[in-house]
Amino acid sequence: MKAALFDTIGKPLVIGDVEDPKPQRGQILLKVCRCGICGSDLHMTAEEVFGVRKGDVLGHEFSGEILEIGGDGGGLKVGDQVSVAPIRGCGSCASCLRGEPAWCEKMTLIGGGYAQYAAVEAHQCRRLPWGISAADGALAEPLAVGLHGLTQSGMKPGDTVLVVGAGAIGLAVAFWARRQGARKVVLADLTDLQAERAMNLGATGFVISDEEVASKVATAFDGAPDIVFECVGRPGMIDHCISLVRPRGKVVVLGLCTAPDHMDSFRAISKEVTIIMSVFFNMHEFANSIDALDSGRFAPQNLISDRVGLKDMPEAFEALRKRTTQCKVLVDPFAE
Ligand SMILES: [Zn+2]
Ligand SMILES: [Zn+2]
């Protein structure tokens with residue numbers, strides 16, 4: 001099969017031929033329909049800390065059709081279309097049975113989606129209901145990450161929400177916040193490249209982050225927001241969010257910052273800010289995200305900006321390192 005292979009740090013991915021995966025017992029073989037390009041993949045191919053090796057196939061936001069089942073398949077059958085949760089637990093411990101493989105002692109994060117076929121554990125898969133296409137199913141993972149952040153925040157209907165960072169995760173948080181009854185949902189970003197997409201996903205406002213951002217936020221909220229979501233992941237961003245939230249408000253951190261960060265704890269304690277960390281998602285949130293793909297007006301499909309075949313994928317991958325109007329790029333391994 002064809003796959004996009006990691007070469008070295010700082011070099012584009014290379015399209016190559018590799019052996020087709022063989023499903024072990026308990027696994028299923030998928031024909032990959034779509035795989036989303038994630039910010040974390042860009043990180044993993046740019047920084048040594050992640051230990052990606054030459055020849056590895058990344059890609060963890062994927063969906064596809066079942067071609068073969070090793071064992072009983074846990075209720076899945078050949079021909080089913082599924083989304084794959086990239087968090088692989090043992091499938092049988094208390095965490096896994098609660099639907100929280102992220103907290104399984106044997107948890108691993110899988111890739112393999114930037115290829116034509118992938119073998120995954122049956123318990124990582126959720127069947128797509130009638131009316132939801134496999135092409136959209138690749139959005140379940142980033143949507144679930146956003147939903148987990150919203151759940152962690154304890155947001156109540158009527159709350160006001162600021163989302164800092166209008167990447168796919170920030171936009172997913174805005175989508176859920178509006179859907180779950182936030183009174184105002186405003187995004188802040190360095191550019192307005194995603195402003196229209198934000199409105200199509202349910203945001204009520206969009207501000208540019210510059211020296212005047214504090215006063216723009218004050219105007220947008222007629223005060224300060226109840227909850228600020230950090231969806232950037234750079235040093236200093238948590239501190240920035242603390243400065244923007246209302247006294248006794250909450251800052252929820254989804255941004256993945258791999259460098260040591262600092263914050264003005266005096267400012268945080270003076271406002272009695274609650275800081276909440278959010279990573280991964282559980283399988284209930286994953287299932288909810290699949291169901292949300294059905295929604296009409298603020299369709300999560302608005303996250304999709306491009307579809308590329310494997311041939312053009314390394315170039316598309318590199319292009320995402322720069323500021324762009326692109327958002328979620330989906331790889332279709334069978335497209336020309
Ligand atoms: Zn991802
Ligand atoms: Zn487990």
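**Exercise 1.** With which residue does Lys328 form a salt bridge, and how far apart are the closest N and O atoms? Locate both partners in the chain and decide whether each is buried or exposed.

*Solution.* The structure examined here is a predicted model, and every value below is computed from it.
- Step 1: Lys328 forms its salt bridge with Glu61, and the closest N and O atoms of the two side chains are 3.0 Å apart.
- Step 2: This pair links distant parts of the chain, since Lys328 belongs to strand S17 (residues 328–331) while Glu61 belongs to strand S4, 267 residues away in sequence.
- Step 3: Buried means under 20% relative accessible area. Lys328 has a relative accessibility of 4% and therefore counts as buried, and Glu61, at 1%, counts as buried too.

**Exercise 2.** Which protein atoms are donors to the zinc ion (ligand 1), and how are their residues spaced along the chain?

*Solution.*
- Step 1: The protein donors of the zinc ion (ligand 1) are Cys38 (SG), His60 (NE2) and Glu61 (OE), which lie 2.2 to 2.4 Å from the ion.
- Step 2: Along the chain these donors follow the spacing C-x21-H-E. Cys38 sits in the loop between strand S3 (27–36) and helix H1 (39–44), whereas His60 sits in the loop between H1 and strand S4 (61–69), so that distant parts of the chain, 22 residues apart, are linked by this pair.
- Step 3: Both Cys38 and His60 are buried, and Glu61, which also takes part in the salt bridge with Lys328, is buried as well.

**Exercise 3.** Which residues coordinate the zinc ion (ligand 2), and why is the arrangement of its donor atoms tetrahedral?

*Solution.*
- Step 1: The zinc ion (ligand 2) is coordinated by the SG atoms of Cys90, Cys93, Cys96 and Cys104, at 2.3 to 2.4 Å. Their spacing in sequence is C-x2-C-x2-C-x7-C.
- Step 2: Four donors count as tetrahedral if all angles lie between 85 and 135 degrees. The 4 donor atoms around the zinc ion (ligand 2) subtend angles of 106 to 115°, which makes the arrangement tetrahedral.
- Step 3: Turning to accessibility, Cys90 counts as partly exposed because its relative accessibility is 29%, and Cys93, with a relative accessible area of 24%, is partly exposed as well.

**Exercise 4.** How many residues of helix H4 are buried, and what span does the helix reach?

*Solution.*
- Step 1: Helix H4 (residues 140–153) has 14 residues and reaches 20 Å from its first C-alpha to its last, which is close to the 20 Å expected at 1.5 Å a residue.
- Step 2: Of these 14 residues 12 are buried, so H4 is largely enclosed by the rest of the structure. Among the buried residues are Ala140, Leu143, Val145, His148 and Ser153.
- Step 3: After H4 comes Gly154, whose phi is positive, near 70°.

**Exercise 5.** Which loops hold Arg246 and Asp226, and which of the two residues is buried or partly exposed?

*Solution.*
- Step 1: Arg246 and Asp226 form a salt bridge in which the closest N and O atoms are 2.6 Å apart.
- Step 2: Arg246 lies in the loop between helix H8 (237–244) and S14, and Asp226 in the loop between helix H7 (213–221) and strand S13 (227–230), so the pair ties together parts that are 20 residues apart in sequence.
- Step 3: Arg246 is partly exposed, with a relative accessible area of 30%, whereas Asp226, at 16%, counts as buried.

Definitions and conventions: Residues are numbered from 1 along each chain as its sequence is written. Chains are lettered from A and ligands numbered from 1 in the order in which they are written. This is a predicted model: local features need pLDDT of at least 70, side-chain atom pairs count only at pLDDT 80 or more; totals for chains, interfaces and linings use all residues. Side-chain values use heavy atoms; hydrogens and water are left out. Donors are N, O and S atoms within 2.8 Å of the metal (3.2 Å for Na, K and Ca); water is not among the atoms, so sites may look incomplete. Four donors count as tetrahedral if all angles lie between 85 and 135 degrees; four count as square planar and six as octahedral if opposite donors are over 155 degrees apart and all others between 65 and 115; anything else is irregular. Buried means under 20% relative accessible area, exposed over 50%, partly exposed in between (1.4 Å probe, protein chains only). Helices (H or I, at least four residues) and strands (E, at least two) are DSSP runs, numbered from the N terminus. The expected span of a helix is 1.5 Å times one less than its number of residues. A salt bridge is a side-chain nitrogen of Lys or Arg within 4 Å of a carboxyl oxygen of Asp or Glu.
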